[in-house]
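User: I'm new to this one and would like to learn how to read it. Could you walk me through a few features?

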Amino acid sequence: MSYPFDDHGALIIGIDFGTTYSGVAWCYTGDASKVKVIKQWPGLGQVNGNSDKVPTVICYAATDYTKYRCGFEVTSRRSDDPNRICLFKLLLNEQLDGTTLLGHNNQFRIPQRHQTVNPKQAEVDEIRTMASRIPAGKTPKDVVADYLRGIYTHAQEKLQSSLPSSVTEQFGKEIPVKYHLTVPAIWSDRAKDLTVQAARDAGMTGQNSSITLISEPEAAAVNDLYVVTDCGGGTVDLISYQVTAIQPRLQVKECAAGTGSLCGSTALNRRFHELLKSRLGDEAFSGMSIQARHTAFTFFDENLKPRFRAPTAAEAEDEDFEPETFYCPVPGVSNNTSKGIMGGFLAISVQEMVNIFDPVITEIAGLVQAQVDEAERRSGHKVTGVLLVGGFGSSEYLRERLATVVKSKKSGNTVEILQPSDAWSAIVQGAVLDGVASYQASRKSHQTGARSMVQSRIARFSYGMKYNDKFDETKHPWSKRYWNIWRSAWYCHDRMFWFIKRGEELHDNKPIRRSWVYHALLNGSEFDFMFKQTIYCCYNENPPEGLDESCIKMCTYQEDFRETPRSNFKRGVTSTGAPCWQIPFDALMLYRVLLQFSSEVDGV
């Protein structure tokens, strides 16, 4: 058997780190047509066969938190096991709740005015419960790192067992390894940074390796003007893309900012829990053992939920049509024909299933319609279709319902709803293909100017830094006035320069720059050539001209001009006559899912 590995390619590993399920896939850029999805997982066993995804759940040993199991090895554990943690991905994103989520000595909070996700109280309570199970001494980032380490280590073992050692030994050395991790479209910049840190802590490092983040809907986006909707277990994320070129390679631009909410398929599980408790009655429900409840919930999650579809209009009008009755095991519950319980099974009507699905789908439909409207408003074109991906995205009932309610204002007709045959693994495969495209573009860019598939994106926030401006009494507050000894004039401090404003277009790999001048005493110490820059973000579409409470401190980085050749500086004097250096430099912002800030002096 031959393996197409040479000196000109790279190994691309895509990891779809989901709220309820995760996936790993890989391919070699020299044979990019063959994306291989990891389907065999520890704990899955021969009986259950293969799975494109593995549960995003982890369980720590009771006394030694360095030991843990994850994925299918944990799914048999009781849901109330204090060492069993799920939904921990959501704890990385501080925009989930306006109140504090508490773990062991950990607090996660962002002010209410900056929320972009508004979970219901039941969801908040469940997330808080998971936060309280985080072992002492660990943070959410540590839990994510442990889980990623578990699935990544297994993926490494599968790679090593399928390829000769002469090849695998070159990974991260002669053969570059490019890790592409998916993140929700609505993820905050802080959450993205924590995701990268967790990936590094999980072992995704090496002298010839790199980590790239890609938004989850982006990993599945292809074709004209589509709203890509990733319906997962915990969240639903949406982004719209418009094709800008087909030849020589596909290129798209984001035409509406990503949106989303916590209305994934776990919301159906909570509604099923309410139905079960209501149908059985408090006494029978509370009398069920933990194992019996686990059996009922698992059957609903893995069998009833995925295959449910409501009768068509024609079927409903047919007098001879008998609606399907769904049966769910309720071990240990006594027969009660009036409640529809016979032989350890509960009969559930189509209408009851509809009542479970419809409130959740109504919320999703609202998100999709809003995204369609915004995409058409910004692009001026009709949306071609809505592409459903993710585990819940494969639901036929979800597709049918959306097909009847989502409409284009441009045409007045309903929008086509599409489901790829591999919707559940579309994200992780898309992450790999994005990695292939980015790697190939980077190798060709010096010859052809090739870029990654996504040319531009829409800014979710305004990003900027504060500066000092020459005082103008007609527009500057007197309380901010001060005497600038470097300029020998009155200046106003805490003015804001915005690299980009919310809703504006960000071009991929095209830095946004602003020129500044820094001053240092001619005979000062080396520390006079160092200072810190603070980056602020603001959710307002019209960010303020001066620093105020809407400006949130996002990060701080160090400027260091100690090694910069003095030939790049200009001589000057302060207002007191002291000689000084004038150091002209550019502050740069580069954006591709993860923000990057840097500085240049004379282009270096």
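Analyst: We'll start with the whole chain, then look at a helix pair and a few single residues. Keep in mind that this is a predicted model.

User: Sounds good. How many helices and strands are there in the protein chain?

Analyst: The protein chain has 11 helices and 30 strands. Of its 604 residues, 51% are buried. Its accessible surface is about 27,900 Å², and carbon and sulfur atoms account for 48% of that.

User: And what about contacts between residues that are far along the sequence?

Analyst: Take the contacts between residues at least 6 apart in sequence: 69% of them link residues at least 24 apart.

User: Now the helices. How do I read a packed pair?

Analyst: In general, you describe two packed helices by the angle between their axes and by the distance between those axes. Here, try helix α2 (residues 140-162) and helix α4 (residues 189-201): their axes come within 8 Å and cross at roughly 50 degrees. That angle is neither under 35 degrees nor in the 65 to 115 range, so α2 and α4 are oblique to each other.

User: Is the crossing of α2 and α4 left-handed or right-handed?

Analyst: The α2 and α4 crossing is right-handed. On the α2 side, the contact is made by K141, V144, A145, L148 and R149, while α4 brings in L194, Q197, A198, A199 and D201. Sorted by class, that contact has six nonpolar, one polar and three charged residues.

User: Next, backbone angles. What should I look for in phi?

Analyst: As a general idea, most residues other than glycine have a negative phi. S488 goes the other way, with a positive phi near 55 degrees. You'll find S488 in the loop between β22 (481-484) and β23 (489-500). D494 isn't a glycine either, yet its phi is positive, at about 65 degrees. D494 sits in strand β23.

User: Is D494 buried or exposed?

Analyst: D494 has 15% relative accessibility; buried means under 20%, so D494 counts as buried. S488, at 39% relative accessibility, counts as partly exposed.

User: One last stop: which residues does H519 touch?

Analyst: Leaving out residues up to four places away in sequence, H519 touches W486, R487, C580, W581 and Q582. H519 belongs to strand β25 (residues 512-521). With a relative accessible area of 10%, H519 is buried.

Technical notes:
Residues are numbered from 1 along each chain as its sequence is written. This is a predicted model: local features need pLDDT of at least 70, side-chain atom pairs count only at pLDDT 80 or more; totals for chains, interfaces and linings use all residues. Side-chain values use heavy atoms; hydrogens and water are left out. Axes are lines fitted to C-alpha atoms, for helices over the stretch in contact, and angles run from 0 to 180 degrees between N-to-C directions. Helices (H or I, at least four residues) and strands (E, at least two) are DSSP runs, numbered from the N terminus. Angles under 35 degrees count as roughly parallel, over 145 as roughly antiparallel, 65 to 115 as roughly perpendicular and the rest as oblique. A crossing is left-handed if the near helix is turned anticlockwise from the far one by less than a right angle, and right-handed if clockwise. Contact means heavy atoms within 4.5 Å. Ala, Val, Leu, Ile, Met, Phe, Trp, Tyr, Cys and Pro count as nonpolar, Asp, Glu, Lys and Arg as charged, and the others, Gly among them, as polar. Buried means under 20% relative accessible area, exposed over 50%, partly exposed in between (1.4 Å probe, protein chains only). Accessible areas come from the Shrake-Rupley method with a 1.4 Å probe; for residues, only the protein chains shown count as cover.
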